[in-house]
Amino acid sequence: MKIVQRLSILILVTILNVNTGIAQNKSQKDKLSDDERMAWWRDSKFGMFIHWGAYSIIGGERGTKIAGGGAEWAMDKLDYTIEDYEKFPKMFNPQLFDADAWVTMAKNAGMKYIVLTSKHHEGFALWDSKVSKYDIMDTAPFKRDIVKELAEACKKQGIKFCLYYSIVDWHHPQAQGNLYPNYNISQHDDPSVVNPDFPKYYQNYMKPQVGELLKNYGDIGVVWFDGDWISDYTTEMGKDLYKYIRDIQPNTIVNNRVDKGRTGMDGMNNKPGQFAGDFGTPEQEIPDTGIDTDWEACMTMNGTWGYKPSDNKWKSSEDLIQKLVDIVSKGGNFLLNIGPDGFGRFPAESIRRLEAMGEWTKKNGEAVYGASASPYEKPSWGRYTKKDGVVYAHVFEWPKDGLLKLNKEIKIKKATVLTNPNTVLKSIATSAEVLLDIPMLAPDATVTVIKIELAK
Ligand code: JFZ
């Protein structure tokens with residue numbers, strides 16, 4: 001049915017094109033089905049989250065105090081008053097920021113899209129906002145539009161540009177600003193802690209800011225909202241915002257946190273139409289099994305989103321590569337975070353991990369990009385991903401006896417190590433099991449991919 005739908009859209013689009021030419025382009029775009037609109041994102045599998053703002057100067061430290069958890073929460077966790085905190089945007093001058101270099105690092109890692117925090121909870125906008133003076137042009141000495149530079153670098157290098165925007169705003173007096181400095185997360189869902197002016201912030205500040213981002217920086221792949229949990233934010237606002245975005249850029253994808261109470265795994269099993277938003281956002285976790293909806297797991301390489309030099313609990317490159325495979329085997333996307341410092345540099349530990357992931361994805365990308373969830377039970381040695389007529393076995397733990405036990409349903413036409421297509425692997429199928437005769441030593445110690453073409 002889906003294929004028939006897609007085909008008919010294609011034919012329709014072609015007819016419109018022939019009849020009326022380029023003038024039809026915009027309305028054609030309007031007519032994209034949800035599947036068409038989501039296609040690039042579903043195929044991409046791997047993206048870069050960038051948490052960057054005035055908090056990147058602070059690094060989670062104030063005097064002898066170190067903030068627990070994410071350092072992008074420095075304003076709240078290190079008890080700044082609004083006035084105290086304003087000195088950081090005023091000194092935000094990341095002279096080493098190089099949009100092209102950032103995008104190149106993402107691309108070389110095998111990432112297909114970038115999500116930048118255009119404004120985090122601190123309220124400071126990284127673009128030239130006319131709605132606010134608390135932005136990179138009016139408050140910071142840097143006076144370069146970071147969103148613009150990254151948007152252009154992404155366009156030039158052929159990678160999708162996406163934006164995070166925080167609903168929570170600790171600086172704006174009509175949002176959470178009036179609660180400072182005595183604000184803390186436990187008040188987030190306390191219905192008695194609301195700002196009666198929040199609807200004004202929503203209408204006159206937040207929505208116009210989102211509008212700027214969608215109107216002035218070309219195609220925005222995804223708008224990634226965050227902070228829906230505050231009691232001030234309502235389902236009506238979420239639905240209104242979703243519609244507003246689709247009206248400006250009909251093909252932009254929006255995460256589930258645009259709606260109320262959809263943060264994390266919540267709403268993951270809802271069907272389209274039941275809530276606003278196009279995909280689920282499990283955070284720092286990977287669901288146990290595949291889920292029949294679009295989802296993206298976001299994760300940090302250490303334990304913080306914003307730059308925090310005191311956090312050296314880095315996940316290994318091997319772990320990160322296996323997490324990518326695990327996520328793809330369950331039908332999701334992997335949004336992996338970088339927290340650049342206040343000068344505009346990626347931490348060296350992050351760069352090394354990006355490079356290792358790039359080495360692996362360069363060789364094994366075929367088994368990841370455009371692949372779908374495994375139709376089989378999770379094997380003890382690793383994961384499966386799938387494409388039309390092909391199954392990829394991703395081996396995390398190489399069998400010591402040189403025999404790989406495959407799922408019984410697999411009927412092999414031809415099997416090879418993905419990076420060594422000329423050596424066909426022998427298979428032994430009995431009624432009880434399917435075994436593959438593989439090399440005694442793992443060709444790739446991290447994850448070796450075996451490509452299995454299926455017999456009809
Ligand atoms: C939010 C932010 O507060 C955080 O700073 C970071 O930007 C992250 C990506 O998103 O934090 C959350 C959001 C959701 C959950 C936990 C923290 N959750 O669903 O449990």
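Angles between elements run from 0 to 180 degrees, taken between their N-to-C directions. Keep that in mind for the close-ups below, which all come from a predicted model.

**View 1. Helix α13 lies across strands β1 and β9.** Here you can follow helix α13 as it runs at about 150° to β9. The helix covers residues 348-364. Why does its length make sense? At 1.5 Å a residue, its 17 residues should span 24 Å, and the C-alpha atoms at its two ends are indeed 24 Å apart, so expectation and model agree. Now look for the side that is hidden: Ser350, Arg353, Leu354, Met357, Gly358, Trp360, Thr361 and Asn364 are buried in α13. A general rule helps in reading such a list: an α-helix has 3.6 residues a turn, so residues three or four places apart point the same way. The buried residues of α13 have several packing partners, namely the strands β1 (46-50), β9 (333-338), β11 (390-395) and β17 (448-454) and the helices α8 and α12 (317-329).

**View 2. Helices α8 and α13 pack against each other at about 45°.** Two packed helices are described by the angle between their axes and the distance between the axes. In this pair, α8 (residues 99-109) and α13 have axes 7 Å apart. With an angle of about 45°, α8 counts as oblique to α13. On the α8 side, find Met105, Asn108 and Ala109; they meet Ile351, Leu354, Met357, Gly358, Thr361 and Lys362 of α13. Sorted by class, this contact has 5 nonpolar, 3 polar and 1 charged residues. Leu354, Met357, Gly358 and Thr361 also appear among the buried residues of α13.

**View 3. Seven strands line up in a parallel open sheet.** Try tracing the order, which is β7-β6-β5-β4-β1-β9-β8. The sheet ends at its edge strands, β7 (253-254) and β8 (296-299), each of which pairs on one side only. Within the sheet, β4 and β5 (residues 160-166) pair in the parallel sense over 6 bridges. One place to look for this pairing is Ile114, whose bridge partner in β5 is Phe161. The strands β1 and β9, met in View 1 beneath the name of α13, are part of this sheet's order too.

**View 4. Five strands form an antiparallel open sheet.** The order this time is β10-β11-β17-β13-β14. At the edges sit β10 (382-387) and β14 (420-424), each pairing on one side only. From one strand to the next, the twist averages 30°. Helix α12 packs on this sheet and touches β10 and β11, with its direction at about 50° to that of β10. Strand β13 (residues 412-417) pairs with β14 in the antiparallel sense over 2 bridges. There, Val417 stands opposite Asn420 of β14.

**View 5. Gly53 and Ala125 are two buried loop residues.** Gly53 has its place in the loop between β1 and α4 (55-58). Its relative accessibility is 0%, so Gly53 counts as buried. Leaving out residues up to four places away in sequence, Gly53 touches Phe92, Glu122 and Leu126. The chain brings another residue into the picture: Pro340 is 287 residues from Gly53 in sequence, and their C-alpha atoms are 9.0 Å apart in space. Ala125 belongs to the loop between β4 (113-119) and α9 (146-157). Ala125 is buried as well, with a relative accessible area of 0%. With residues up to four places away in sequence left out again, Ala125 touches Ser118, Lys119, Tyr134, Asp135, Ile136 and Gln209. The C-alpha atoms of Ala125 and Ile146 are separated by 9.5 Å, and the two residues are 21 residues apart along the chain.

**View 6. Asp79 and Lys143 have positive phi values.** Asp79 has a phi near 55°, although it is a residue other than glycine. You will find Asp79 in the loop between α5 (74-77) and α6 (82-85). Is Asp79 buried or partly exposed? At 45% relative accessibility, Asp79 counts as partly exposed. Lys143 is not a glycine either, and its phi is about 50°. The loop between β4 and α9 holds Lys143. Its relative accessibility is 48%, so Lys143 counts as partly exposed.

Key. Residues are numbered from 1 along each chain as its sequence is written. This is a predicted model: local features need pLDDT of at least 70, side-chain atom pairs count only at pLDDT 80 or more; totals for chains, interfaces and linings use all residues. Side-chain values use heavy atoms; hydrogens and water are left out. Helices (H or I, at least four residues) and strands (E, at least two) are DSSP runs, numbered from the N terminus. Angles under 35 degrees count as roughly parallel, over 145 as roughly antiparallel, 65 to 115 as roughly perpendicular and the rest as oblique. Contact means heavy atoms within 4.5 Å. Ala, Val, Leu, Ile, Met, Phe, Trp, Tyr, Cys and Pro count as nonpolar, Asp, Glu, Lys and Arg as charged, and the others, Gly among them, as polar. The expected span of a helix is 1.5 Å times one less than its number of residues. Buried means under 20% relative accessible area, exposed over 50%, partly exposed in between (1.4 Å probe, protein chains only). Two strands pair if DSSP finds at least two bridges between them.
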